[in-house]
Amino acid sequence: MGKMEIKRLTPAIGAEINGLDLSEPLTNNAWDSIQDAFLKHQVLVFRDQNLSAEAMVSLARRFGPIGSYPFLKSLDGHPEITEVIKEADEKINFGGLWHTDTSYLEQPPLGSLLYAREVPPMGGDTLFANMYLAYGTLSPALQDWLRGLKVVNRSDKAAAAATRVEQIGRIGAKQGARPVYEAIHPLIRTHPVTGRPSLYAHIGHSVRFDGMTEEESAPMLDYLFQHQIKSEFQCRIAWRPGTLTVWDNRCTLHNAMNDYHGHRRHMWRITIDGDRPK
Ligand code: SIN
């Protein structure tokens, strides 16, 4: 491939990187540029890749140790990869609501890689939103107040739990998965590398503020859930077979569109281990 080029997707978030063949080992210079772009743009898109499972795993390892998704059996022979599939006759898609991955874990993933194997002729895009901006655009008095709060995140919040049901039914549950995972994290987390604050709650898993009831928490959480997905914080990825997207779960949310009933969509997903949010 030719020279590496980085093209921003929107003023808020996301960049497309062209000119790299990710099936080949990356030079140190190319890797440094990817890392810089990852921290700066939060979501990176690589088009027209031809990745074997092994190549995807070795690329993922450059971002850090590989994590595992607690609920789903992994791809046969490749314990690092979770398949995300919606069959043509299924109605519910995996991850079809605004969320950051598995924030109900004590140490949620640093980031995720998603590689498109088969996509519908139209639809099935993924939306991303910038949580630095979501926090940074609140008024200073509200920012100060929110900084003192912690959020309870649970895996069994109904809408998110529903998006796993068909996957688990078809692919099989992971052995040893607990019925429910719960973790309490700061509402405003500080990115461990950039040092920037971001809003770390979302409609997918966040149920209440620590020390408050769901009823007491709901008005402010509902406000934040609306605020954080403003169009001007977003970019939208239209997939093609061979598109790889990598996102930073510490400062973004994403939402998989479910607008392609009657068509199959098949992705490979890998998560990278993260630290405990602070
Ligand atoms: C996910 O939430 O990890 C899946 C996103 C997608 O399929 O676009």
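Is Asn 93 buried or exposed? Select Asn 93 and let's find out together; bear in mind that you are looking at a predicted model.

**Stop 1: Asn 93**

Asn 93 has 4% relative accessibility, so it counts as buried, the cut-off being under 20%. You will find Asn 93 in the loop that runs between strand 4 (82–86) and strand 5 (111–118).

Now display its surroundings. Setting aside residues up to four places away in sequence, Asn 93 touches Lys 86, Thr 163, Ala 256, Met 257, Asn 258 and Tyr 260. Try drawing a distance between the C-alpha atoms of Asn 93 and Met 257: they are 8.1 Å apart, although 164 residues separate the two along the chain.

Next, show the backbone oxygens here. A polar atom of the Asn 93 side chain lies 2.9 Å from the backbone oxygen of Ala 256. The backbone oxygen of Met 257 is also reached by the side chain of Asn 93, at 3.4 Å.

**Stop 2: the ligand**

Keep Ala 256 highlighted and bring up the ligand, since Ala 256 is one of the residues around it. The others to select are Val 84, Phe 94, Gly 95, His 99, Asp 101, Leu 114, Thr 126, His 254, Arg 265 and Arg 269. Colour this shell by residue class and you should see four nonpolar, four polar and three charged residues.

Three side chains deserve a distance label each, drawn from one of their N or O atoms to an oxygen atom of the ligand:

- Arg 265, at 2.8 Å
- His 99, at 2.9 Å
- His 254, at 3.0 Å

Switch on a surface, and note that the protein covers 100% of the 260 Å² of accessible area that the ligand has on its own. Two elements give two or more residues to this shell: strand 14 (252–256) and strand 15 (265–272).

**Stop 3: the nonpolar cores**

Which residues have the most contacts inside the largest nonpolar core? Select Ile 34, Phe 46 and Leu 244, which hold that place in a core of 31 residues. At least two core residues come from each of strand 2 (15–18), helix 1 (28–41), strand 3 (43–46), helix 2 (53–63), strand 5, strand 13 (244–248) and strand 15. Helix 2 gives the largest share, seven residues.

Centre the view on Leu 244. Beyond its neighbours within four places in sequence, its contacts include Leu 22, Phe 46, Met 56, Leu 113 and Tyr 115. Apart from this core there is another, with 22 residues, including Ala 12, Val 84, Leu 105 and Leu 114. Val 84 and Leu 114 take you back to the ligand, as both are among the residues around it.

Definitions and conventions. Residues are numbered from 1 along each chain as its sequence is written. This is a predicted model: local features need pLDDT of at least 70, side-chain atom pairs count only at pLDDT 80 or more; totals for chains, interfaces and linings use all residues. Side-chain values use heavy atoms; hydrogens and water are left out. A residue is near a molecule or strand if one of its heavy atoms lies within 4 Å of it. A polar contact is a pair of N or O atoms within 3.5 Å; within protein, one must be able to donate a hydrogen and the other to accept it, and residues adjacent in sequence count only if both atoms are side-chain atoms. Accessible areas come from the Shrake-Rupley method with a 1.4 Å probe; for residues, only the protein chains shown count as cover. Helices (H or I, at least four residues) and strands (E, at least two) are DSSP runs, numbered from the N terminus. Ala, Val, Leu, Ile, Met, Phe, Trp, Tyr, Cys and Pro count as nonpolar, Asp, Glu, Lys and Arg as charged, and the others, Gly among them, as polar. Buried means under 20% relative accessible area, exposed over 50%, partly exposed in between (1.4 Å probe, protein chains only). Contact means heavy atoms within 4.5 Å. A nonpolar core is a set of buried Ala, Val, Leu, Ile, Met, Phe, Trp, Tyr and Cys residues joined through side-chain atoms within 4.5 Å.
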